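Notebook open, viewer running. I'm jotting down what I look up as I go.

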Amino acid sequence: MTQKPTLPPITNLSRAELAQWCEENDQASFRSDQIRKWIYGKRVHQFEEMHDIPASLRETLEKEFHLFASEIVDHRIASDRTEKLLLKLHDGEHVETVLMRETSRRTVCISTQVGCAMGCVFCASGLLGLKRSLSTGEILEQILRIDRLLSPTERITNIVVMGIGEPLANLKNLLPALETLNEKGGMGIGVRRITISTVGLPDKIIELSNFGKAFNLAVSLHAPNDTLRTEIVPINKNIGIQKILKAADTYFEKTGRRVTYEYVLLAGKNDQPEHAKQLASLLRKRNAHVNLIPMNDVEELSFHKPLEPQTQEFTKILEQGGVNVTVRKRKGADIDAACGQLRLIQEKENDSIVPLTT
Ligand code: SAH
């Protein structure tokens, strides 16, 4: 059932906007930084907990904003301690966010849209098309929700924008969210620890390269020639690999950040030795890194990951061709942690998931 229109999340406001709001409400401007410290640094769940804020201001905040506008409707914890949240937004739509643990690293994978318009043939997120883009607050809220699940000694160290949606199709709302994550008065996560993954929209890659913050860029290539790429990533029909590589080269020149190329291995489709050779010749002269991702099975889709020897052979050919390569480790396999799977189950079951509590 769709909820009634609700108050905006306070996280929609940038530092400057919150300072302006304070001013308009006859509050000292330093209150803005104080409020932000509670939200981004101290894991509060309610305005009421902001002890050094005058009670009258806390009441005004309560009347005008939500601290959290979403509701956690599913929370799964995998045997490797990967955690996944399914969040219900104010309009009844759902998005997913994932926490991955690796030694002292705590990485959050965030969504930027409800669904996706790109239609990649192996991906669960695009199966139901695009519903809408997320607001800045809805993007930030995913991280804040995860932050509040961590133990007092744990800190979020890395962000990957690799969840549901195409981040560069929602740059307008994503960039202010990343600024807040990066700011000292926000979460203070360094730009080198923030990675944006894109299907490869050249104009938007250029726009991002001009933004002035050197985030890591990952480009989802998935094929070494346009015929195959257009079969796997239909949006490629109007773009083409050369334009994407050129934009990514510009990104590297402007930011100094080495670009990662993601390549989902689909058995019998794009995993043959000739594909690896073609890929090596596209990338060998570039300062690039290839991340091979054995396909995560999606029930509705008939693609599968290759057998281990094929993956090894593909890796070897790339290495021999002078390309840096890693194979992504699977995380959270026992909780449907692959992008978009939980939301899909939710849509299918039509609101029948029983919330798990922790
Ligand atoms: N739209 C962006 C970000 C979201 S997808 C993009 O295309 O990059 C993030 C990464 O997960 C992409 O590399 C995508 O290709 C990959 N991915 C999606 N579905 C997958 C699946 N079933 N198995 C393995 N990787 C998948």
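These entries go through the ligand site, a few loop residues and two helices.

**Entry 1: ligand site**

Note to self before anything else: this is a predicted model. I started with the ligand and asked which residues are closest to it. I get 18 residues around the ligand, with Glu166, Ser197, Ser220, His222 and Asn296 as the closest.

Next I went through the polar pairs. Glu166 has a side-chain N or O atom 3.0 Å from a nitrogen atom of the ligand. For Ser220, a side-chain N or O atom sits 2.6 Å from an oxygen atom of the ligand. With His222 I find a polar side-chain atom 2.8 Å from a ligand oxygen. How much of the ligand's accessible area does the protein cover? On its own the ligand has 540 Å² of accessible area, and the protein covers 94% of that.

I also looked at which strands take part in the shell. β8 (194-198) and β10 each put in at least two residues.

**Entry 2: His222**

I stayed on His222, one of the closest residues to the ligand. I located His222 in the loop between β9 (216-220) and α7 (226-232). Buried or exposed? His222 has a relative accessible area of 4%, so I put it down as buried.

Its side chain also reaches protein backbone: the nitrogen of Val264 is 3.0 Å away. Skipping residues up to four places away in sequence, I list Phe122, Ile232, Val233, Glu262, Tyr263, Val264 and Asn270 as touching His222.

**Entry 3: Gly165**

I moved to Gly165, in the loop that runs between β7 (158-161) and α5 (171-182). Its relative accessibility is 15%, and the cut-off for buried is under 20%, so Gly165 counts as buried. What is it in contact with, neighbours within four places in sequence aside? I find Thr112, Gln113, Gly115 and Cys116.

I also checked one distance from here. Gly165 and Arg76 are 89 residues apart along the chain, and their C-alpha atoms are separated by 21 Å.

**Entry 4: helix α10**

I then turned to α10, residues 308-320. The helix has 13 residues and spans 18 Å from first C-alpha to last, close to the 18 Å expected at 1.5 Å a residue.

Which residues of α10 are buried? I wrote down Thr311, Phe314, Thr315, Ile317 and Leu318. Looking down the axis of α10, I see its buried residues within an arc of 160°, so they line one face of the helix. Glu308, Pro309 and Gln320 are exposed on the other side of α10.

I followed the buried residues of α10 outwards to their packing partners: β10 (259-265), α9 (273-283), β11 (288-294) and β12 (324-327). Just past the end of α10, I noted Gly322 with a positive phi of about 85°.

**Entry 5: helix α9**

Since α9 came up as a partner of α10, I gave α9 a similar look. I have His275, Ala276, Leu279, Ala280, Leu282 and Leu283 as buried in α9. They cover an arc of only 160° around the axis, which puts them on the same side of α9. What covers them? My list includes α7, α8 (241-255), β10, β11 and α10.

**Entry 6: exposed loop residues**

Last, I looked at some exposed spots. Glu299 lies in the loop between β11 and α10. With a relative accessible area of 76%, Glu299 is exposed. I took a C-alpha to C-alpha distance from Glu299 to Asp52 and got 51 Å, for two residues 247 apart in sequence.

Which phi sign does Asp26 have, positive or negative? Asp26 has a positive phi of about 55°, although it is not a glycine. I found Asp26 in the loop between α1 (15-24) and α2 (30-41). At 72% relative accessibility I count Asp26 as exposed.

Thr103 went on the page as well, with a positive phi of about 40° although it is not a glycine. Thr103 is in the loop between β3 (94-102) and β4 (105-109). Its relative accessibility is 75%, so I count Thr103 as exposed.

Definitions and conventions: Residues numbered from 1 in each chain as written. Predicted model: local features only at pLDDT ≥ 70, side-chain atom pairs only at ≥ 80, totals over all residues. Heavy atoms only, no water. Helix = DSSP H or I, 4+ residues; strand = E, 2+ residues; numbered from the N terminus. Expected span 1.5 Å × (residues − 1). Buried < 20%, exposed > 50% of the residue type's maximum accessible area, 1.4 Å probe, protein only. Arc of directions from axis to C-beta. Contact = heavy atoms within 4.5 Å. Near = heavy atom within 4 Å. Polar contact = N/O pair within 3.5 Å; in protein donor to acceptor, adjacent residues only side chain to side chain. Areas by Shrake-Rupley, 256 points an atom, 1.4 Å probe, with all protein chains shown as cover.
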